[in-house]
Amino acid sequence: MASDEASLRALESIMTEFFHDLTSNERKREIEELLNNFAQQAGAWHHCFFFFSNTSNEYVMMYSLTVLENVVNRLWPGVTEREKVELRDALPKLLLSRQRSLPPSVRNKLCKVIVDIGRQDWPAFYHDFFSNILQLTQHPSNAPIGLVLLKTASEELACPREDMSVARKHELRRLLLDQVPTVLSLLADILETIWDKHVSLNSVPPPSPFTVSMGELLGSLFHMPDGGRFFTQPVPTLDRDSQHVCSLTLECLVHLFSWIPLSTSISPQLLATIFHFARLGCDGGGTEKASALGVLAMSCVNELMSKNCVPCEFEEYLLRAFQHTFYLLQKITKDAKGSTVRARLQDLDENYLERFTEFLRLFVNVHLRRVESSSHFPVVEFLALLFKYTFNQPTNEGYFSCLDIWATFLDYLSGKMKNRSSDKEAVLARYRDALPALMVEVLRRVQFRFNQSELEELDDETPDDDDRTEWQHFLHQSLEIVARVAELLPEQAFSIVSPLLRENLNIYLGLQQFVVPSRSGRRLNVTAENDLRRLHCSMRDLASMLQATGRLADHFLGDSFTERLPDALSLLKSLVEMAAYGTQLRLFTVETTIPSVLKPDFTEVHAQSLAAVRAYCHWLAQFGSELQRQKSKPDQMASLVGTAMMALVPLLSNKIPEKIQLSAAHLLVSLATCVRPPFLSTLPGMQKLFNKARDDTLFSLQHKVQVLVFRSLSNSLLLPWPGVPDGEQQWDSRSRNYDALACTLTSSYRTLRECTTQLDQAKPAVLRTLALLRDLVESVTSEAQRPKQICYHAIEGVVHTTLMLLPAFITQPDIMDEVLAFFLTLFQSLKVQMGAPFTEQMLQTFLSMFTRQQLAESVELEGGAGEQVVVRLLKILQVVVQEPGAAFRSFLPSILTLCLEQLYPLVSPHPSPSIKVELYELLYLVLQHNWRHFFRATVLAKVGRCRTDTAEEVVEHQSHFVAIMQAYGQSFLQMDIHIFKQNLAYLESLNSKHKLYEKDLFRRTMMAQFLQVLLQALALRSHDILQDDITTTIYSMAIVDFNTFYGAFLPNFLHSCDGLDSQQKDLLARSFKMDQDLPSFVQNVHHFVNDLRYYRLCNSSLPAGTIKF
């Protein structure tokens, strides 16, 4: 004993030193090593039990419990039965004797150790484990510790970890389910007893008008014996001990509800009692403890609501839950004197409000379909309450969450209308008032004239990962609701947005009269503070309404085109005139009293006006087609396009803010690509751009704008005019003009043919030219042959020049990357126009240039331009191997040699994920599109005299095929999850199309290795996230020959497994059921792998010399 006492004092000293602020990291490592060595000694847990029983040092307690926990979870099979009995008896007694003095963290840890023992021994060796917990819970003085044990038992026994056999997991879950009715009844009694004890039955207030309205609202649907009690009973004030017990009880229920199935064990009384406590969140006097109970109660409700599979006998319980929650919803959204709804919500606990919103989301997403169709269900009244709840949210996060609920509801309505297309009006009849009201209020929330102080707080400068600012997220989510409402009620949506747009647009159009000359140019003669504030708000709102108007563009197309043509024509005319007005006035250049505010406002409005016109380009294209169909004069079309061009062309200048430049350039692309009017290239604005291209002025624009402008010029000449016969497309003159444009674009690049020594100075021009040409080629990818012929004819000289300059470019990774990207685009878009001879020359050049040394130099530049060059090369080869012609197939041996003998050995030892992804895809495409290169059926199979799958195989280029399979096999030994998943999918695809797993070569020499690697991946949990994919692939291989899988592979696999004895291997083999359907096979594999891991863990935990039975 003296020795243990001395050791305890020393341990207390060491633990105190370890957690002292002044202890160095080096000393902490020494102490940690000392503690680990002590814990690994045989019998260390005996000392730790003494330490725990005789110390008040929290650090020593936790260390001692950690050692005991390790004994129970890892060394339990090696502990003698006498010692097990000692621990089973001593730990609960210790817990009871010290439950009030132990810190909560230590108490919880001790409870877990006790439950871990039950997890191992209950019921065979620890038959009173659970009954002891129930007895503790029933005794008032011990209820807290009993509840902690009960919750821990639910956590550890219902969903046990991997360190347990499947049979034991199933046994524990079954045993626990048997106890659920008793447990739920016990927990309900605890809550109800405490509630009733604290309710003052003599001070029941008279029914309020609020209560009556709630009864009228929902009483016809729900029939609840305890409804009146719930609605009228006052909320009690609980003492501290009662609050603690209720908190633990509700925590138990939350976890129980997360895994038990819905059944009649969850009684109406229990539900009613839970909702009593949910009232504490909004009726509990605002105390932190009461709110915490309300949060836990709503968490219980949400666990029930989250279950999509609802038995018929439980639907009535759900309806009761809805009634209780709607009562709470009405209560927290009830108008009261001296307090607004928003203020009431702001006073509620943030977590309670979050849980309540989660309930509403679950109700709409999971259960609304169950009750919405009922003529008695007060769905409109519910939406009214949700409406008040949404638009009085105190935080933006809460508001966004509510908008998500509305989006779910609107999607539900849209789906319902599609399924019942014959009676759409009947579906919408109930919501014709609610949906427009929702849209009005959503638009009101984004308007600065109503919410300036709140909206100004949103950041509109710092973009996030989605490249949106906080304000843009707010506006985007709001406009998504507007768009969804518009899908259901397009006319009403337009009638709501149009006046808001017009109101702010009139203010914008009236600003011209306030622009006066100044010494330095022009200034805005608006100086009054209130006028400036109103102008700022109006411009912000105008920009938002322009975006809202753009989101409605789709609803003027298709079947609605003719009916809504006048509205759309009038609207588009207003938009293009607004854009032209903005370009003429250029308010963003005008001096103002508050330039830091108004200049961004005017810039945003101008950019959004151009974007709004662009949104209606599809409508404009359909309008042009309609004019052609009616053989009407295109005067209106010409006017709209001409005005739009007048508005955008002057903005393509570096003197203009970038946001406006980009908006103008995108509009130009849409006019040239989507609308394609025949007269576009003849308009003065377009001619001006062609002239700027000829004098190189366009090259001064920012690169992004350059690309868009040149794409527009190219498309205006290349793309066929809609509705015009091919003979009237004026291809000859357009071809000449396109040649001139291409000549201008490539003039500086073509000079490199004669002077390759100036490559460094010419690098910017090379990169710019190739990037522009690549974009022009991409824009004709989906077009007919004539535009492609014109395009290739114009750039053919540049293509040949580029190929000739490859040796000079090879030492410049950044240029080489752009060159290969250019050739990749050429091959994808214009391979027919390039012709087979030049394509072969191009490929031969690539294959000869990329030697092993060159590839090694590129791979060494991992993550940089060199690696990207290899990726581009592989992408080109991916396109090549998919081509069906014999000329392309002739390159397969060279491509495979480059990939398997030169590149793969270089990248296989290194991560190089970007290269490996493309390399494995290339190998997959080689097999997928060139299967007969490797497997050629015999003559008998070709003439159909025997089944193809049983025909004799003739394997050609076997070495390459085997090398490809080995490369895939090696990838399953790596940790890269993405590549592992990708390659599993490739193997499954090859098997689906070509019966890979049935090929004799694969079955004889490879299948066992693949199965071994995949099962080991499952056993080692190295790729746990992919276990379903891995198991499915194993099944696809096993189904080829189940007899071999069960009779040969499985025994061999177990024989090769380390960490198992012969009895365990035999047990694993016998317990693997020989099912042949996929679901059963997948389950059997998971059970097999689980038990294999469990046996290994047990064996690794046993002390040396342990006898196993």
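Let's start inside helix H15, which covers residues 288–305 and includes Asn302. This is a predicted model, and every value below was computed from it.

## A polar residue under cover

Asn302 has a relative accessible area of 8%, so this residue counts as buried. The Asn302 side chain has a partner there: it reaches the backbone oxygen of Arg355 at a distance of 2.9 Å. Setting aside neighbours within four places in sequence, the residues in contact with Asn302 are Arg355, Glu358, Phe359 and Leu362. Arg355 therefore appears both as a contact of Asn302 and as the residue whose backbone oxygen the Asn302 side chain reaches.

## Two cysteines that stay apart

How many disulfides does the model hold? The count is zero. Cys252 and Cys300 help to show why. A disulfide is a covalent bond between the sulfur atoms of two cysteines. The cut-off used here is a sulfur pair within 2.5 Å. For Cys252, the closest cysteine sulfur belongs to Cys300 and is 9.7 Å away, so the gap is too far for a bond. Looking from the other side, Cys300 has its closest cysteine sulfur in Cys252, again at 9.7 Å and too far for a bond. Cys252 is buried at 1% relative accessibility, and Cys300 is buried too, at 0%.

## Two helices to look at

Helix H8 runs over residues 143–158. Its 16 residues reach 21 Å from first C-alpha to last, close to the expected 22 Å. H8 is mostly covered, with 14 of its 16 residues buried.

Helix H24 takes in residues 470–488, which makes 19 residues. Its end-to-end C-alpha reach is 28 Å, close to the 27 Å expected at 1.5 Å a residue. The buried residues of H24 include Trp471, His473, Phe474 and Leu475, along with Ile481 and Val485. What do the buried residues of H24 pack against? Their partners are helices H20 (396–419), H21 (424–429), H22 (434–445), H23 (448–456), H25 (490–509) and H26 (529–551).

## Charged pairs

Side chains of opposite charge can pair when their charged atoms come close. Across the whole structure, a search finds 39 salt bridges. Here are some of them, with the closest N and O atoms compared.

| Salt bridge | Closest N and O atoms |
|---|---|
| Arg88 and Glu81 | 3.0 Å |
| Arg168 and Glu171 | 2.8 Å |
| Glu480 and Arg551 | 2.8 Å |

In the pair of Arg88 and Glu81, Arg88 is buried at 8% relative accessibility, while Glu81 is partly exposed at 40%.

Arg168 and Glu171 both sit in helix H9 (residues 166–198), three residues apart, so about one helical turn separates them. An α-helix has 3.6 residues a turn, so residues three or four places apart point the same way. Arg168 is buried at 13% relative accessibility, and Glu171 is partly exposed at 27%.

The salt bridge of Glu480 with Arg551 has its closest N and O atoms 2.8 Å apart. Glu480 belongs to helix H24 and Arg551 to helix H26, so this pair ties together parts that lie 71 residues apart in sequence. Both ends are partly exposed: Glu480 has a relative accessible area of 22%, and Arg551 has one of 30%. Elsewhere, salt bridges with shared partners join Glu69, Lys109, Lys112, Asp116 and Arg119 into one network.

## The nonpolar core

In soluble globular proteins, nonpolar side chains tend to be buried together. The largest nonpolar core in this model has 387 residues, and Ile795 and Met965 have the most contacts inside it. Which helix gives the most to this core? H9 does, with 13 residues. Not counting residues up to four places away in sequence, Met965 touches Leu927, Leu987, Leu996, Phe1002, Met1006 and Phe1010.

## An exposed loop residue

Pro909 lies in the loop between helix H43 (892–907) and helix H44 (913–929). Is Pro909 buried or exposed? Its relative accessibility is 60%, so Pro909 counts as exposed. From Pro909 to Thr1031 there are 122 residues in sequence, and their C-alpha atoms are 27 Å apart in space.

Definitions and conventions. Residues are numbered from 1 along each chain as its sequence is written. This is a predicted model: local features need pLDDT of at least 70, side-chain atom pairs count only at pLDDT 80 or more; totals for chains, interfaces and linings use all residues. Side-chain values use heavy atoms; hydrogens and water are left out. Helices (H or I, at least four residues) and strands (E, at least two) are DSSP runs, numbered from the N terminus. Buried means under 20% relative accessible area, exposed over 50%, partly exposed in between (1.4 Å probe, protein chains only). A polar contact is a pair of N or O atoms within 3.5 Å; within protein, one must be able to donate a hydrogen and the other to accept it, and residues adjacent in sequence count only if both atoms are side-chain atoms. Contact means heavy atoms within 4.5 Å. The expected span of a helix is 1.5 Å times one less than its number of residues. A salt bridge is a side-chain nitrogen of Lys or Arg within 4 Å of a carboxyl oxygen of Asp or Glu. A nonpolar core is a set of buried Ala, Val, Leu, Ile, Met, Phe, Trp, Tyr and Cys residues joined through side-chain atoms within 4.5 Å.
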